[in-house]
Amino acid sequence: MSKRAYTPATKADLLAIIEAGGSSPLVDAQADAARVASWARDVGLPAPLALLAAALAAALPDLPIDRSFVRNLLFALPTDRPLDALAHRWVGWVWRDANPSIHSQISAAPLAAIAADIVRVHDRATTGATFEPKSWRPLRTALDQASAVALEEDADAVAVIGASAWDFRTIPGAAADVLKAWEHATYMAIRRADGGSDEQDDRYRDLRRRIRNAAAERAGPVPDGADADAVARHARRFQEALSQANAASTDPLLERMTDRTHRIIAATVALRDQGKTALVSLAAD
Amino acid sequence: MSEIPNVTDASFEAVVLSAPKPVLVDFYADWCGPCRALAPALEDIAREYDGELAVVKLNVDNNIAMRDRFGIVSIPALLLFDKGELRQRIVGPQSRTAIAGAVDRLLGGEV
């Protein structure tokens with residue numbers, strides 16, 4: 001629960017900071033969950049919502065943090081009204097309305113039924129109903145037991161909703177964990193479609209390590225950190241050596257896995273984009 | 001956020017093996033990134049199961065006797081103890097929900 005309401009004055013202040021390119025835990029990749037939650041309570045935002053927003057805005061490799069999403073969300077959030085329902089509504093959206101919905105990705109009816117029970121609790125929470133933190137336990141236990149005998153793809157999808165089966169007031173990071181579980185399920189789906197395996201991942205990691213080690217050897221010793229120019233020259237040498245080592249590799253696994261990595265990043269970006277759009281839309285609703 | 005208390009080789013017997021309630025021990029090291037990533041989930045678990053389960057951590061670099069006694073070769077490693085016995089071992093990064101599943105199974109008498 002927020003200590004105070006999200007007021008028009010607070011909203012204007014936060015928007016001004018974001019639009020001026022200033023710092024905020026929502027757009028700070030280094031901000032840990034405790035800092036985001038503490039900041040959220042101070043500005044009148046529910047911690048689960050702030051942690052979810054920070055996770056959605058967070059940068060993927062080579063991509064900047066999405067400040068425009070944070071600006072749009074802060075702008076869309078109504079002031080002087082309870083906002084605690086929003087994270088619960090977003091979980092319901094992931095289950096029912098995401099494309100593809102998590103519901104549509106579960107083939108085992110008993111598993112889908114337990115996940116639906118969890119979503120029903122979130123739906124009730126959007127009306128202001130409160131639950132004892134322990135009331136989530138039987139749902140998690142049922143899901144855990146059913147998942148143990150489920151197909152891998154069903155279990156990955158169910159884990160998305162399972163990640164939310166916590167009391168958001170005491171475990172505010174749960175809504176953000178839904179996003180992480182969703183991304184993991186997406187990664188696993190792409191890996192399965194490629195016929196991937198843990199052994200293949202291990203071999204790829206080993207190959208990457210050998211290529212990086214070769215590039216590091218060619219780039220020479222790392223200079224003293226106090227000499228910024230020398231550090232920059234070394235970084236360029238390393239990148240050039242890395243490009244050459246990648247190009248020289250004849251292992252077909254490298255090309256296949258690089259292609260897969262690009263597809264996973266693209267899928268994750270698309271997933272976050274629709275999650276962000278949904279959250280802003282729900283906030284404005 | 002709650003701080004997970006440390007146990008040592010010297011205190012392990014009293015704090016873990018002789019505890020009246022189940023204990024979850026996080027075997028970690030300061031240099032271990034996945035261990036740091038796991039810390040918030042463990043704090044949540046400690047809060048969720050307060051009064052039913054104790055959560056403690058043990059630095060494997062400084063407490064070699066317990067590391068070797070329980071065969072810890074990879075961290076993070078979570079070991080669940082009850083009545084002085086090791087009941088379950090969870091190795092590698094885990095979600096909060098997966099850890100809770102193991103705890104619930106222990107508290108429910110399934111392991």
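Which side chains meet in a salt bridge at 2.8 Å, N to O? The side chains of B:Arg96 and A:Asp177 do, a salt bridge being a side-chain nitrogen of Lys or Arg within 4 Å of a carboxyl oxygen of Asp or Glu. The structure is a predicted model, in which local features need pLDDT of at least 70 and side-chain atom pairs count only at pLDDT 80 or more, while totals for chains, interfaces and linings use all residues. Residues are numbered from 1 along each chain as its sequence is written, chains are lettered from A and ligands numbered from 1 in the order in which they are written, and side-chain values use heavy atoms, with hydrogens and water left out.

Chain A has 12 helices and 0 strands; helices (H or I, at least four residues) and strands (E, at least two) are DSSP runs, numbered from the N terminus. The C-alpha trace of chain A spans about 60 × 50 × 30 Å along its principal axes. Two local backbone features of chain A fall in loops on either side of helix H5 (85-96). In the loop between helix H4 (67-76) and H5 of chain A lies A:Asp80, which is not a glycine but has a positive phi of about 55 degrees. The loop between H5 and helix H6 (109-125) of chain A holds A:Pro100, and the peptide bond that joins A:Asn99 to A:Pro100 is cis, with omega about 0 degrees.

Chain B contains an open sheet of 5 strands in the order E1-E3-E2-E4-E5, with mixed pairing; two strands pair if DSSP finds at least two bridges between them. Strand E1 (6-7) and E5 of chain B stand at the edges with a single partner strand each, so one side of each is left without a neighbour in the sheet. Strand E4 (residues 77-82) and strand E5 (residues 85-91) of chain B run antiparallel and are joined by 6 bridges. Among the bridge partners, B:Leu78 is matched with B:Ile90 and B:Leu80 with B:Gln88. In a regular strand the side chains alternate between the two faces of the sheet. The hairpin of E4(B) and E5(B) has 2 residues between the strands. B:Lys83 lies in the loop between these two strands, and its phi is positive, near 50 degrees, in a residue other than glycine. Ahead of E4(B), the loop that follows helix H3 (64-69) of chain B contains B:Pro76; the peptide bond from B:Ile75 to B:Pro76 is cis, with omega near 0 degrees.

Two helices of chain B are placed against this sheet. H2(B) lies across strand E2 (23-28), strand E3 (54-59) and E4 of chain B, running at about 165 degrees to E2(B). H4(B) packs on the sheet and touches E2, E4 and E5 of chain B, its direction making about 15 degrees with that of E4(B). Contact here means heavy atoms within 4.5 Å, and axes are lines fitted to C-alpha atoms, for helices over the stretch in contact, with angles running from 0 to 180 degrees between N-to-C directions.

The contact between the chains takes 15 residues from chain B and 16 residues from chain A. About 1,200 Å² is buried between chain B and chain A, 45% of it on carbon and sulfur atoms; buried area is the accessible area (1.4 Å probe) that two parts lose on being put together, summed over both. B:Glu48, B:Arg96 and B:Thr97 supply 45% of the area that chain B buries against chain A, more than any other three residues.

Across this interface the rule finds 6 salt bridges, and the whole structure has 34 over all chains. A:Arg137 forms a salt bridge with B:Glu48, with the closest N and O atoms 3.6 Å apart. A:Arg137 lies in helix H7 (residues 137-148) of chain A and B:Glu48 in helix H2 of chain B, so the pair joins two chains. The elements that give two or more residues to the side of chain B that touches chain A are helix H2 (33-48) and helix H4 (96-107) of chain B. H4(B) gives the most, with 7 residues. By class, this side of chain B has 5 nonpolar, 2 polar and 8 charged residues, where Ala, Val, Leu, Ile, Met, Phe, Trp, Tyr, Cys and Pro count as nonpolar, Asp, Glu, Lys and Arg as charged, and the others, Gly among them, as polar.
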